[in-house]
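Here are some short exercises to work through with the model open beside you. Try each task yourself before you read its solution.

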Amino acid sequence: MTEIDWERLRAAATEVMRHAYVPYSKFPVGAAALVDDGRIVVGCNVENAGYGVTLCAECGVVSSLHATGGGRLVAMSCVDATGEPLMPCGRCRQLLWENGGPDCLVETKGRPLRMAELLPHAFDVADIEAVTGEHPVPVVPDRLAAWRGRGTVFAHPDMSAGQQVWTAYWERSAGDEGAETGVLEEGPSWDDPAEAITWGLARTPRVVVVDASGTIFWAGEGEPPMEIPVRWSAS
Ligand SMILES: O=c1ccn([C@H]2C[C@H](O)[C@@H](CO)O2)c(=O)[nH]1
């Protein structure tokens, strides 16, 4: 995705700006962002009698991003009442960083700027990971963001240095006839199958456990499908 249609983003931001709820500041803001799968997500500012509770337009964009399927923000346009680009406030830069990373572009009155320019030396999940050694949220790698919600995760036991562990892999196919196949991502090893299932559910609602005897169980969202009628239970 190389070409960003800034005109279209700014038009979407200007449109949503008109829905802002701003009885206190009378300063409407609209924001629209391109997601890495081509979606456009929008938000407007929403104020409150408790002034400090105000939600910025960019907050709405981030909520809409997750509410409509997640992914990564690629480019954002934020506008004021005149339709001119407005720079995101400090708090919103932190929100944009989390959801778009250093390469996410933000429209300005000059050239678009990268988030790395708008929030240099940013604090983020890597700082937490460096201390705790744990990735606090199961994150799908950027290169696979477009596959989120698709394919199948197979969780299965494996042997590692003579020990039984659990691992998983994410497969492109969702079991449909003639669908493209191939492994998208291999998971790490865990002691507990529940962790393999959690890893899977962060990627796709279609999670399957294949136990040591090769029996297949449903560990995905919703009711087990016809071809995998038995739900996995940990005991
Ligand atoms: O980047 C910004 C800056 C300000 N505002 C809103 C918050 C408040 O409602 C109004 C005035 O600060 O503008 C945003 O939505 N985004």
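**Exercise 1. Find the residue that stands opposite Asp-158.**

Step 1. Asp-158 stands opposite Val-165 in E7. Strand names such as E7 are DSSP runs of at least two residues (E), helices are runs of at least four (H or I), and both are numbered from the N terminus.

Step 2. Before going on, please note that this is a predicted model, in which local features need pLDDT of at least 70 and side-chain atom pairs count only at pLDDT 80 or more, while totals for chains, interfaces and linings use all residues. Residue numbers start from 1 along each chain as its sequence is written.

Step 3. Now widen the view: E6 and strand E7 (residues 163-171) pair in the antiparallel sense over nine bridges. Two strands count as paired if DSSP finds at least two bridges between them.

Step 4. Look at a second pair, where Val-153 is opposite Trp-170 in E7. Trp-170 also stands opposite Glu-185 in E8, and E7 and E8 are joined in the antiparallel sense over three bridges.

Step 5. Finish at the turn: E6 and E7 make a hairpin with two residues between them, and Ala-161 in that turn has a positive phi of about 50°.

**Exercise 2. Work out the strand order of the sheet that holds E6, and name its edges.**

Step 1. Start from strand E6 (residues 152-160), which runs parallel to strand E9 (residues 207-210) and is joined to E9 by three bridges. Here Phe-154 faces Val-208 in E9.

Step 2. Move on to strand E10 (residues 216-218), which is antiparallel to E9 and linked to E9 by three bridges. Val-210 has Ile-216 in E10 opposite.

Step 3. Check the connection: five residues lie between E9 and E10 in their hairpin, and Gly-214 in the turn has a positive phi of about 90°.

Step 4. Put it together: the five strands form an open sheet in the order E8-E7-E6-E9-E10, with mixed pairing. Strand E8 (183-186) and E10 are at the edges with a single partner strand each, so one side of each has no neighbour in the sheet.

Step 5. Add the twist: on average, neighbouring strands of this sheet are turned by 30° against each other, direction ignored. Helix H6 (residues 193-201) packs on the sheet and touches E6, E7 and E9, and the direction of H6 makes about 10° with that of E7. For contact, the C-beta atoms of two residues, placed from the backbone, must lie within 7 Å.

**Exercise 3. Describe the sheet that holds E1, and the helix across it.**

Step 1. This open sheet has five strands in the order E2-E1-E3-E4-E5, and its pairing is mixed. Strand E2 (40-44) and strand E5 (113-114) are the edge strands, each pairing on one side only.

Step 2. At one end, strand E4 (residues 105-106) and E5 are antiparallel and joined by two bridges, with Leu-105 opposite Arg-114 in E5.

Step 3. H2 lies across strand E1 (30-35), E2 and strand E3 (73-79), at about 140° to E2. Axes are lines fitted to C-alpha atoms, for helices over the stretch in contact, and angles run from 0 to 180 degrees between N-to-C directions.

**Exercise 4. How do the axes of H2 and H3 cross?**

Step 1. The axes of helix H2 (residues 57-67) and helix H3 (residues 90-100) come within 9 Å and cross at roughly 25°. That makes H2 roughly parallel to H3, a term for angles under 35 degrees.

Step 2. Name the residues: Glu-58, Cys-59, Val-62 and Leu-65 in H2 meet Cys-92, Leu-95, Leu-96 and Asn-99 in H3.

Conventions. Parallel < 35°, antiparallel > 145°, perpendicular 65-115°, else oblique.
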